[in-house]
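I opened this entry to look up ring pairs, charged pairs, the surface and the open space, taking each in turn.

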Amino acid sequence: LKLYIEEMYKITNSKSKLLYGTIPYPPTGMVSLQPVVDKLMNETGWQPQVSFREGIIRTIAEIEKENS
């Protein structure tokens, strides 16, 4: 998740301060945020068409288009 946040930070030229670990984990422990899409790909034949970076760039462009 940290890598995705940092990629979006770069893409958007954010000046925000990124704070990791500021909110404590719940009593149940750390949550796994590593998605596994193998089952989706195997059962449906789905394959990603664009990289995460390209998807974020396209999403931002669409939002900007809608807001202009």
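I looked up ring contacts and found one aromatic pair in the structure, where rings of Phe, Tyr and Trp (its six-membered ring) pair if their centres lie within 6.5 Å, and planes under 30 degrees apart count as stacked, over 60 as edge-to-face and the rest as tilted. The ring centres of Tyr-4 and Phe-52 are 4.3 Å apart with planes at 65°, so I entered the pair as edge-to-face. Tyr-4 sits in helix 1 and Phe-52 in helix 3 (residues 52–66), so the pair links distant parts of the chain, 48 residues apart; helices here are DSSP runs (H or I, at least four residues), numbered from the N terminus.

I noted that this is a predicted model, in which local features need pLDDT of at least 70 and side-chain atom pairs count only at pLDDT 80 or more, while totals for chains, interfaces and linings use all residues. Residues are numbered from 1 along each chain as its sequence is written, and side-chain values use heavy atoms, with hydrogens and water left out.

For charged pairs I recorded three salt bridges, each a side-chain nitrogen of Lys or Arg within 4 Å of a carboxyl oxygen of Asp or Glu. One of them joins the side chains of Arg-53 and Glu-7 at 2.5 Å, N to O. Because Arg-53 lies in helix 3 and Glu-7 in helix 1, this pair ties together parts 46 residues apart in sequence.

I also checked where Val-31 is found, and placed Val-31 in the loop between helix 1 (2–11) and helix 2 (38–44).

Terms used
Helix = DSSP H or I, 4+ residues; strand = E, 2+ residues; numbered from the N terminus.
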